[in-house]
Amino acid sequence: MSNSATVPSLWDDARAAGLDEPGLLLYRSNLLGADLRITNFGGGNTSAKVEARDPLTGDKVTVLWVKGSGGDIGSMKLDGFATLYLDKLESLKGLYRSLDQEDAMVHALNHCTFNLNPRAPSIDTCLHGYVPYAHVDHVHSDAVIAIAASSDAERLTREVFGGEIGFLPWQRPGIDLGIKLGELAKKNPQFVGVVLGSHGLFTWGKTAKESYETTLRIINKAAVWLERNGEKPAFKGPKVESLSDAARREAALRLMPEIRGRISMHERKVGHFVDSPEVLEFVNSNMLETLAPLGTSCPDHFLRTKIRPLIVPHDADGADLDRLIDGYRDGYKAYYERCKHPDSPAMRDPNAVIYLVPRVGMLSFAKDKGTARVAAEFYVNAINVMRGASGVSAYQGLDEQEAFNIEYWLLEEAKLARLPKPKSLAGRIAFITGGAGGIGSAIASKLLSEGACVVLADIDEAALTEVTAGFGNTFGRDNVRGVKMDVTSEAAVIAAMNQAALDYGGVDIVVNNAGITISAMVEDTTLELWNKNQSVMGAGYFLVGREGYRLLKRQGLGGSMVFICSKNAVAASPGASAYCAVKAGELHLARCMALEGAPLGIRVNVVNPDAVLRGSKIWQGPWRQQRAASLKITEDELEEHYRKRSLLQRSVYPEDIAEGVYFFASDLSSKSTGNFLNIDAGNAASFTR
């Protein structure tokens, strides 16, 4: 957040009119969560104490509606709130005796559930329930956390907010902190909120609107104060200058696959690159080496960005990266050994999440694109916090032992255990040519459904935009990219593959699928027609194959390349000599690449479709007319003709080809290379022999 940017109120009385209390809570929550200057993605929570009828007795009871475990207040719906009997929640105070009961008290929250609501309560539930106000907000504003993460946070809280905001020193959230927060609010009716040291802000009000506007007012007050009082230039000014835009991109393109290869041996990682002004200001600054090792302060930041980032020189070579990454792992293992408890979960992935590159920007790597992007967003929050805190005081990261206790909290481990099992292609990145066509989009849909990130390359920009947007709506915009590419242009292919590496950190699956079909007897085949076939499907497959192979080799993770050839790669057809010849060449190119790639774990296989009419661009143009004329049937009879021609008397669809590609792209075929799979409903002429 830029400290000079105050947050405007977006409350609309007309929209709020007629909403019941849960509806107003949701409205307030979505407004707060929609602005990253107020709270980060998935961070913070909101609540309201609402009168309701007990479904069993019919008596009037007070119910705490509070954001449940997980979720994001900016996008949540009503079913994202946990609901608890407030009197039962209050009764937990009588059971609580000491800090070693904290986890047991979190489990006891389930016994307070109202109306059998399945949404699990979060660890912040008691902090909301014990504040004696109807509406409570908890957010992670960068401006407020900058004060909370200062070495003299309590003094600054008094100076910035006067007597309307209280202060509580850092303590892990739970019933004990909830009791302290509630008592502080009761004893100080002049307070409209409390700053939690190294954590965030709690504010409250008698109505939903009052709570919302109080939250914004306090955040803006902190932002304006920091802007006026913060040291200039931030971070004691620049130590180095940024590279040019092109040079930063080139450095990121070089580093991302190299880093990804080194940290993805056991679990594939997906990358994200940021070179925004606030990131460059920090990574180029005189205080980078001082502040970065301190790690983050807010638990939400820390859980997503790890104990600390790794600083990587922009010109680091392979040996440098080996030394830096191995050193980080050793440091993480030492941290685990220093801080672990007898019942701590086993050590998790020891690799860094955030990589700070002076002169270039920030790289982040995680199990999927969304997680990598959010981790980067959280570290930008941390940068903003460090800027604010170091400008008016001394920044203070979370104590190492406290950080470990959160990272390896048994309740956090239980939350991780409840996550769905990763899909078969989770963390994999696929590059598909002809991605906007029928077969290409079917392949993309299949790979996306199995958890892959997909880059669609196609020369048809309008179709590409439409297909990419559709997949973004279905599978999430983080997981799909579209890039216009002419497979016959070496520069375009190199640029498109580079874009995939910049967007996701590398590639694992390359699907060569772009193609054309033109039917002509050999005596009528012009050199122009012959060369066009060779250019798109000969040179095109070669260029995409070569650039994909180069990227796979740099990563050192192996990978899978799948060529979409044709029944005509192994069986000739009259009236299609140019097409048949180039398809045979594709098949043999794949075999050659399989030989060269095997020592590197790069598998190259082929799928041979036949007569995939439905949804295929190839069959929407002259080829359809030409094949119908050649067979002396109408165009409408083509699909039935090909169905009856097959041994199994079945039609072949794009989705069938996608299943074959998935087999070769996934670990199901980890021991297969140099092979081809016919998906043609049976054709004796194309049997393997």
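1. An aromatic cluster is the starting point of this note: Tyr-332, Tyr-335, Tyr-336, Phe-404 and Tyr-408 together form one such group. The model is a predicted one, and the values quoted here are computed from it.

2. The count of aromatic pairs comes to 16. Among them is the pair of Tyr-335 and Phe-404, which is edge-to-face, with 5.7 Å from centre to centre and 75 degrees between the planes. Tyr-335 belongs to helix α14 (residues 318-339) and Phe-404 to helix α16 (residues 400-407), so this pair ties together parts that are 69 residues apart in sequence.

3. Both partners may be placed by their accessibility. Tyr-335 has a relative accessible area of 0% and is therefore buried. Phe-404, at 1%, is likewise buried, since the cut-off for that term is under 20%.

4. Two rings carry a charged group above them. The charged end of Arg-172 sits over the ring of Trp-409, 4.0 Å from its centre. That of Lys-88 sits over the ring of Tyr-85, at 4.5 Å from the ring centre.

5. The largest nonpolar core comprises 110 residues, of which Leu-363, Phe-431 and Leu-447 touch the most other members. When neighbours within four places in sequence are set aside, the contacts of Leu-363 include Ala-252, Leu-255, Met-256 and Ile-259. His-272 and Phe-273 also contact Leu-363, as do Val-353, Ile-354, Tyr-355 and Val-357.

6. A second core, separate from the largest one, has 45 residues. Tyr-27, Val-50, Met-76 and Phe-114 are among its members. In soluble globular proteins, nonpolar side chains tend to be buried together.

Definitions and conventions: Residues numbered from 1 in each chain as written. Predicted model: local features only at pLDDT ≥ 70, side-chain atom pairs only at ≥ 80, totals over all residues. Heavy atoms only, no water. Phe/Tyr/Trp six-rings, centres within 6.5 Å; stacked < 30°, edge-to-face > 60°. Helix = DSSP H or I, 4+ residues; strand = E, 2+ residues; numbered from the N terminus. Buried < 20%, exposed > 50% of the residue type's maximum accessible area, 1.4 Å probe, protein only. Lys NZ or Arg CZ within 6 Å of the ring centre and 35° of its normal. Core = buried A, V, L, I, M, F, W, Y, C linked by side-chain atoms within 4.5 Å. Contact = heavy atoms within 4.5 Å.
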